[in-house]
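Thanks for making time this morning. I would like to walk you through one model, going from its domains to its sheets and then to the surroundings of the ligand.

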Amino acid sequence: MTDEILKNLVDLFGENRLKIGEPMNRQTTFRIGGPADYFFEATSVDEIQRAFKAGRDLGLPVFPLGTGANLLVGDGGIRGLVVKISNNNLEIAGPLERKAGTKSSAASAHYQQFDTDQYLKFDDLDLAEPPPDTLVRAGAGVSLPVLIAWTLEQGLTGLQNFAGIPSSVGGAIYNNIHGGTRLFDEFVQEVILMDRLGRPNRISHDEMGFAYDQSRLQETGEIVLEVFLKLSHGDADRARRIRLEWLKRKLKVQPQKDCPGCVFKNISPEEAARIGAPSVAAGWVVDQGLGLKGTKVGGVKISEKHANFFVNFGGATAKDVCKLIDLIKSKAYEKFGLSLVEEIQMVGEF
Ligand SMILES: Cc1cc2nc3c(=O)[nH]c(=O)nc-3n(C[C@H](O)[C@H](O)[C@H](O)COP(=O)(O)OP(=O)(O)OC[C@H]3O[C@@H](n4cnc5c(N)ncnc54)[C@H](O)[C@@H]3O)c2cc1C
């Protein structure tokens, strides 16, 4: 059966483009993860559709991969087919047709309630944007830094607060990423999603189930093919300076390489009040609360810059990471009665 699957996949994708046993440590920002049985980089919507169809026809699980910036892949790797989503189309889709009643899940009250991180509360960098007037169409595989640079070149502002976040557009939608006081969905007009039967559907912002760090994709397993973003012709020079300032400040307070995003979700405001924490930042619990900053297990350590980040300082395995996570969770429970929950997504065999 495996030979038959392999033959089918080679026929479909070509010998040069289908990778067998691709080490996932090459495909994640954490540089951790065993081999994917099959790996294919899809560079167009048509290729994404064909790859998922192949998975359905051959009975193979298919995992959509973006930049790999929020993942811990197990040392045993991923069974089935990993499809790296790399459709990089970017264009101005036209002037914005205003639709009544489009809501954003972002609001400063909401932000305060969830206070992402005391170190990254850069609300002095918020730029009042004029109302959005332009629609941009972006493929799910466009890298976020590229998208930010390209929109600024077009004189379009809004996305500068997401500078310094490694992500694909698809991953940004899946997780509804946050940059300072802004959530990505604030800029989303519509998303073209592919359902598990391969059918593309245009879904409006309000049907996407966006909330802080959430979208409906986490429940449905649909695939982002393309996104329509609503942006403004604002003060592009100022937005460029803000982007630079974000990058500088993030460099100071977060590691930038060999790590995924935050390991733990923030705690609730009630929990923070109960344990006397100054904010809901999980980083505070690990650092000030438990004094574990810098702790090492095997090749992984808690970052000295930011205690909710782990850094692979050389040859770390997923097993090392799981041990470090367990250590923190058990100490947080012992000392504070807190059950910390992972924010990084665990994928594959551990
Ligand atoms: C240094 C650093 C800083 C970070 N800072 C921030 C920050 O400030 N704010 C923040 O919110 N996050 C931050 N993160 C976390 C990370 O950047 C985001 O979670 C990002 O959105 C992950 O996107 P990705 O393309 O890498 O997705 P991946 O990690 O590849 O995948 C994440 C999930 O998205 C799914 N997915 C990816 N593409 C698609 C698609 N096209 N359709 C359907 N599902 C898809 C995957 O299957 C997976 O379930 C940071 C990470 C790092 C390493």
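The protein chain is assigned domain 1 (2-85), domain 2 (90-253) and domain 3 (269-347), with bounds that come from an automatic or database domain assignment. Before going further, please keep in mind that this is a predicted model, in which local features need pLDDT of at least 70 and side-chain atom pairs count only at pLDDT 80 or more, while totals for chains, interfaces and linings use all residues. Residues are numbered from 1 along each chain as its sequence is written.

Coming back to the domains, the contact takes 12 residues from domain 1 and 14 residues from domain 2, where two residues are in contact if their C-beta atoms, placed from the backbone, lie within 7 Å. On the side of domain 1 that touches domain 2, the largest share, 5 residues, comes from α2; helices (H or I, at least four residues) and strands (E, at least two) are DSSP runs, numbered from the N terminus. That side of domain 1 divides into 6 nonpolar, 5 polar and 1 charged, counting Ala, Val, Leu, Ile, Met, Phe, Trp, Tyr, Cys and Pro as nonpolar, Asp, Glu, Lys and Arg as charged, and the others, Gly among them, as polar.

Now to the sheets. An open sheet of 4 strands follows the order β1-β2-β5-β3 with mixed pairing, and two strands are said to pair if DSSP finds at least two bridges between them. Because β1 (19-23) and β3 stand at the edges with a single partner strand each, one side of each is left without a neighbour in the sheet. On average, neighbouring strands of this sheet are turned by 45 degrees against each other, direction ignored; axes are lines fitted to C-alpha atoms, for helices over the stretch in contact, and angles run from 0 to 180 degrees between N-to-C directions. Helix α2 (residues 45-58) packs on this sheet, where α2 touches β2 (35-42), β3 and β5, and its direction makes about 170 degrees with that of β5. The parallel strands β3 and β5 (residues 78-85) are joined by 4 bridges, and F63 stands opposite V82 in β5.

A further open sheet, of 5 strands, has antiparallel pairing and the order β6-β7-β12-β10-β11. Its edge strands are β6 and β11 (200-204), each of which pairs on one side only, and the average turn between neighbouring strands of this sheet is 20 degrees, direction ignored. Helix α2 packs here too, touching β10 (188-194) and β12, with its direction at about 150 degrees to that of β12. Within the sheet, β6 (residues 90-95) and β7 (residues 134-139) pair in the antiparallel sense over 5 bridges, whereas 6 bridges join β7 to β12. As for single positions, P95 stands opposite T134 in β7, and T134 in turn stands opposite L231 in β12.

What surrounds the ligand? The shell holds 33 residues, and the closest are G66, T67, G170, G171 and G261, where near means that the C-beta atom, placed from the backbone, lies within 6 Å. Each of β3 (62-65), α5 (169-175), β8 (178-179) and β12 (223-231) supplies at least two residues of this shell, and α5 gives the largest share, 5 residues. By class, the shell divides into 17 nonpolar, 16 polar and no charged residues. Domain 1 and domain 2 each contribute at least three residues to the shell around the ligand.
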